[in-house]
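Student: I'm new to this one. Could you show me how to read it, starting with the whole chain and then zooming in?

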Amino acid sequence: MKYINILSKMWLIAVAAMVVACSEDEGAPVTPSFPEEEQILSVKAGESVEIVFDASMDWKLYSSTLWCRFSNGMTSISGQAGKQAVQVSVNEDMLNYGEMQAEITLKQGDVEKVIAKLTRQGEMLLAVGEEGEIFTEESPLLLNFSRTSTTLSFTESFTLNFPWEFDQASLPEWLAVKNPPVKGGMHQKAELTVEITDDYLANEWTGSFRFKMQGEDRYADVPVKYTGLPADELVIRGISTKWNWSVSTDGLQYWTGGLTEGDGEPEKLSFPLSFRVLAKNSEYVVKAVYQDGDYLWIDGVDGAKAFFDIKDDAHGNLELCNVQENTSAKRRGYILVFPKSVYDELSHGGTWSDMNTLLNSEGTDLSEDVSDEYIVMVFDQEGASVSVGLPEVWLISGDNKTQLNVAQGFGENATQDLKDKFNEGGDIYLQDKSQIYNLEVESGAQLDIKPLLKNDWGDDIFLEKCSFLDEKGVLLSDEPVHSITGDLPSERCLHFTCNQSVVILFQGEYSMTYKVLIITLKNK
């Protein structure tokens, strides 16, 4: 019995020792472990990130903001010791244009520490096109060339999702904005009228429009690209029209207009005549074509030399100059300019002669393949006075023919009403007023009249018809019986019997009047 008691006491002592030992273990403090470095993360609204750490005991995570939540949808989450990978989602709550920061705090026991900082990027600043386009470097706003006689201009509209200021100073040098908007509110439209000056018209350019956020150092750029001139396009500056140019006989002056009745006296300017050619990469070909007699010739081809020069600096700056004095009939000059790609196509890569390429098969006119858009200028140089000669008037009496004297001018008997018809603003257009003649005949005179019409070039003109007017220049309702004979221009002859004073207009093609004869009856 005594032995059993001793054993019992020993067992109690052992148990007590174990209890004490366990009590001592439970009371020993445990030091929580935390990541040595904070995780610094940059995120956008709608994105998720992963927070990684190793917990030495039960833990809890806290988010400092409502827009940063854990996988449970809350701003806090907890778990047990061990390696952890916790998903954090970033939403659009309280999203604005500035950056915002959230802190993720880890708590273990009574100790807590910020283990991660998330920076949420602000809302993207956008400038949206009129049809909802968002322009990028890969897909910029395109400005395409269109033919115009003035500065190339575009109007573009953007809607911005922030209060904005237009940054005029950041524009590239090739872009000009006319009367730019200064500023606008959120979602207020910005309308820009964009101009591309001639210095930059030919080639391709890139840049951007910049809209700054009011009061912030942030901005939205709209990438923009001008595509330049197409390879088959030309732009000519400095010449108002390609037609209706005249050059003085001495080759010193030029003018345009003044060729039709009612035009004022044109302003005459002195050579050289400067103009500008804009072509892609300044690749163009210039040709001088001129008339010699009935045929056209090309300067520099088969030894031909034009009566004028075209100076070209190969950068699009050209001059018409050194026009020679004209000692013969009126003559014509042409300035042709082609984009190089067009000229190469016409000439089959330069293998065809210009005479075959640019002129018709007879050599009397430009080829139909030469488009008007590549004719820069056509001008006529006045000729030395061409003696067109008096009209020949013959009095017929039986088998006898007597040539009558014809005087130049209106004569003494012409009425003022008739003279007014030929003045500026009158009803009758006669380019050369020196071609008015007069004579007197007896009533009943049977006349043969050869008008001997010539044009400004000195070429014979075929008499197509005659118009008969009274003494005041009014068209006769009952014109004299007459006929016109002769197969050649120099042989054309009017036959009629003159029973009243009459004014005869001798007309060629398109009813153009080339000569006038005033016939007055002597016995009136």
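Tutor: Let's go from the overall outline to a single strand, keeping in mind that this is a predicted model.

Student: How many helices and strands does the protein chain have?

Tutor: Start any reading with the count of elements. Here there are four helices and 38 strands.

Student: Is the chain a compact globule or more spread out?

Tutor: Set the radius of gyration against the globule rule. For 524 residues the rule gives 24 Å, but the protein chain comes out at 48 Å, well over that, so it is more spread out than a compact globule. Its C-alpha atoms fill a box of roughly 195 × 50 × 35 Å along the principal axes.

Student: What share of the residues counts as buried?

Tutor: Buried means under 20% relative accessible area. By that cut-off, 39% of the 524 residues are buried.

Student: Now the zoom. Which way do the side chains of β3 point?

Tutor: Go along the strand and look at each face. In β3, residues 59–63, the side chains alternate. Trp-59, Leu-61 and Ser-63 are buried on one face, while Lys-60 and Tyr-62 point to the other and are not buried.

Student: Which strands does β3 pair with?

Tutor: For pairing, check the direction and the bridges. β3 runs antiparallel to β7 (residues 100–108), with five bridges, and Trp-59 has Gln-108 as its bridge partner there. β3 is also antiparallel to β5 (residues 76–79), joined by four bridges; in β5, Ser-76 is the partner of Tyr-62.

Notes
Residues are numbered from 1 along each chain as its sequence is written. This is a predicted model: local features need pLDDT of at least 70, side-chain atom pairs count only at pLDDT 80 or more; totals for chains, interfaces and linings use all residues. Side-chain values use heavy atoms; hydrogens and water are left out. Helices (H or I, at least four residues) and strands (E, at least two) are DSSP runs, numbered from the N terminus. The radius of gyration is taken over C-alpha atoms; the globule rule is 2.2 Å times the number of residues to the power 0.38. Buried means under 20% relative accessible area, exposed over 50%, partly exposed in between (1.4 Å probe, protein chains only). Two strands pair if DSSP finds at least two bridges between them.
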